[in-house]
Protein chains: 2
Amino acid sequence: MTQLAALQNHQVRLAKRPVGMVKDSDWNFTNEPVSEPGEGEFVVKSLMLSLDPAMRGWMNEGKSYIAPVGIGEVMRAGGIGQVIASRHPRFPVGATVNASLGVQQYCKISAADGSDKSAALIDLALAPAPKWLNALGMPGMTAYFGLLDVGQPKKGETVVVSGAAGAVGQTVGQVARMMGCRVVGIAGGKAKCDFVVKELGFDACIDYKAESVRDGLKRSCPAGVDIYFDNVGGEILDAVLTRITRHARIVICGAISQYNNTSAVQGPANYLSLLVNRARMEGMVVFDYTARFPEAIAAIAGWMSEGKFHSREDIVDGIEVFPAALQKLFSGENFGKLILRVAND
Amino acid sequence: MTQLAALQNHQVRLAKRPVGMVKDSDWNFTNEPVSEPGEGEFVVKSLMLSLDPAMRGWMNEGKSYIAPVGIGEVMRAGGIGQVIASRHPRFPVGATVNASLGVQQYCKISAADGSDKSAALIDLALAPAPKWLNALGMPGMTAYFGLLDVGQPKKGETVVVSGAAGAVGQTVGQVARMMGCRVVGIAGGKAKCDFVVKELGFDACIDYKAESVRDGLKRSCPAGVDIYFDNVGGEILDAVLTRITRHARIVICGAISQYNNTSAVQGPANYLSLLVNRARMEGMVVFDYTARFPEAIAAIAGWMSEGKFHSREDIVDGIEVFPAALQKLFSGENFGKLILRVAND
């Protein structure tokens with residue numbers, strides 16, 4: 001067994017609530033000794049952490065679908081790690097887990113903890129660790145249930161997804177293709193658009209940096225948009241609203257364009273298109289589907305093993321680059337699911 | 001039979017597309033002789049016309065759920081009238097009809113006309129004419145199907161409706177009460193709020209002219225808002241969004257606060273509350289439910305005959321006051337369903 005007493009746990013803590021874009025000074029780096037697990041506890045060594053747009057929301061004060069991270073607390077993050085010490089029979093030393101580990105090198109988890117720290121055993125034989133933070137992790141689960149349960153795609157319908165090369169968008173588009181839909185992505189830059197069309201098999205992708213989304217939709221969705229899976233909000237949401245079909249469904253999954261606003265969120269000025277088109281806009285939170293994750297994991301892992309499903313990760317190394325890496329998400333610099341590698345094994 | 005040749009048909013036509021609030025100069029008054037009905041046609045003498053917020057939208061150019069009124073055309077309006085000449089077996093002289101009559105004294109209707117001019121026979125023994133333009137007419141049908149089909153109220157839920165003393169709001173609240181819901185109205189001024197609570201039986205009513213809607217909702221809906229039936233849009237929609245419950249439904253029926261805007265519509269800045277609350281915002285258009293109107297009419301007329309259902313109309317006289325009367329709708333001056341009486345019999 002690892003000598004825990006010899007280990008130092010390097011951590012990233014929230015120093016203050018950011019105003020607008022997150023700054024380096026919003027974080028504190030700390031070191032803590034790692035303590036032995038008590039009865040029913042186990043200690044996980046972080047391997048890879050998931051960096052997500054939702055993190056920006058967790059840094060704000062106020063009621064949301066999850067409590068904010070407190071000032072001085074280790075920043076919340078989901079990740080993959082290995083159990084290195086355990087007094088919990090279900091999580092023996094050597095097991096690999098997917099859990100809310102926080103932005104730190106080691107995390108002690110208690111069986112008595114609530115869902116925020118809940119851990120799931122994962123099988124690296126089914127897919128390598130990065131996939132468990134992408135298509136088989138929260139982004140994939142969000143995409144799968146948001147599209148299927150809220151969007152309710154029917155064969156032959158046109159599905160549009162923003163942030164198409166991002167973690168959620170990749171899976172939304174590919175699952176929609178599996179359902180027999182025509183799929184159009186929206187992404188920033190030629191490289192991302194090419195990836196989405198050539199590697200993921202989307203029917204088309206609109207480069208919002210090269211043309212107006214409205215023009216792109218006219219060309220790519222001549223019969224209109226039946227389902228829009230929205231990860232970005234703002235002007236792109238408004239553009240899509242002008243092209244929806246009767247009884248269209250808009251899945252509100254996120255609004256990355258608005259997360260760093262210092263002024264009010266930009267509401268969709270074209271929302272009355274919902275009235276004209278008898279259409280629906282509905283929000284979703286992935287945690288509601290926890291009990292059904294195995295269903296989605298089985299489906300996506302199955303498609304992966306058949307070579308029909310692809311995913312791309314953007315992996316950066318070292319816990320000390322966390323602040324800079326997080327900013328890449330909001331500038332659109334990352335290409336694929338952003339992952340912070342904390343340790344190699 | 002009436003001597004048609006002796007009659008002059010006084011009409012109100014759209015002279016130009018209004019910018020912002022409708023002005024007197026946006027209208028033309030014309031006179032036309034009334035011609036004999038051809039085979040399959042009948043002539044209706046207007047008795048009462050329905051004045052509706054939707055009229056403002058019909059005056060704008062551009063695609064909507066219904067074609068805009070053309071420049072130079074008689075303004076579109078639904079109304080109650082009597083058949084005074086007929087070569088159509090289903091609509092004999094003396095019959096009373098509910099039809100798209102236009103803002104004019106006489107209307108010739110052809111059986112070949114599409115839904116825009118479609119006529120329904122109505123029974124004045126069941127309810128007097130004004131009720132057929134209110135609870136048993138388009139506003140009532142809008143309220144009934146918007147609440148029940150889109151809102152899907154469950155017993156014990158809290159339903160909030162804006163424009164509560166208006167044509168649609170009156171019926172929304174009363175039908176919600178019949179379904180066992182707690183009902184809170186939003187209306188402007190003490191008289192309307194008192195009417196809604198004391199005469200219609202709402203549980204509470206927020207006077208948006210006397211206090212902030214947010215404060216009113218905190219007091220009147222301590223457990224939050226399960227269904228919001230929105231007739232007004234703008235700041236009130238945004239205030240309600242801050243108070244919705246998990247899985248709430250927002251029925252988008254109209255946005256009277258935005259219809260006379262010269263700038264862009266104010267989108268709901270708090271729409272991400274839909275995400276946090278896994279809630280839904282959905283538009284509806286009453287014409288989709290035409291085949292089921294008899295179901296709603298039977299239900300509401302039944303409640304009326306039992307004395308459990310009330311409605312209030314605001315009746316103004318004379319076709320020449322149409323321009324001024326329409327403006328009352330947007331200033332909130334009308335109290336109850338606004339009706340223009342064109343003739344007494």
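Two residues are in contact if their C-beta atoms, placed from the backbone, lie within 7 Å. Keep that in mind for the exercises below. This is a predicted model, in which local features need pLDDT of at least 70, side-chain atom pairs count only at pLDDT 80 or more, and totals for chains, interfaces and linings use all residues. Residues are numbered from 1 along each chain as its sequence is written, while chains are lettered from A and ligands numbered from 1 in the order in which they are written.

**Exercise 1. Find how many residues each chain gives to the contact, and which elements of chain A take part.**

Step 1. Chain A brings 25 residues to the contact and chain B brings 25 residues.

Step 2. Helices (H or I, at least four residues) and strands (E, at least two) are DSSP runs, numbered from the N terminus. On the side of chain A that touches chain B, the elements giving two or more residues are helix H8 (273-276) and strand E13 (280-283) of chain A. E13(A) gives the most, with 4 residues.

Step 3. Now look at how strand E13 of chain A meets its counterpart. Two strands pair if DSSP finds at least two bridges between them. E13(A) pairs with strand E13 (residues 280-283) of chain B in the antiparallel sense, over 3 bridges. Within E13(B), B:Glu282 is the bridge partner of A:Arg280.

**Exercise 2. Work out which rotation superposes chain A on chain B.**

Step 1. Copies are superposed by least squares on the C-alpha atoms of residues with pLDDT of at least 70 in both.

Step 2. The result is a rotation of 180° with 0.0 Å of shift along its axis, at an RMSD of 0.0 Å. The two copies are thus related as by a two-fold rotation axis.

Step 3. The same surface serves both copies, since 100% of the contact residues of chain A recur in chain B.

Step 4. To place the axis, go to A:Gly267: of the residues of chain A, its C-alpha comes closest, at 2.1 Å.

**Exercise 3. Decide whether B:Ser257 is buried or exposed, and say where it lies.**

Step 1. B:Ser257 sits in the loop between strand E12 (244-252) and helix H8 (273-276) of chain B.

Step 2. A residue is buried if 20 or more other C-beta atoms lie within 10 Å of its own, exposed if 12 or fewer, and partly exposed in between. B:Ser257 has 21 C-beta neighbours inside 10 Å, so it counts as buried.

Step 3. Leaving aside neighbours within four places in sequence, B:Ser257 is in contact with B:Val232, B:Gly233 and B:Gly234.
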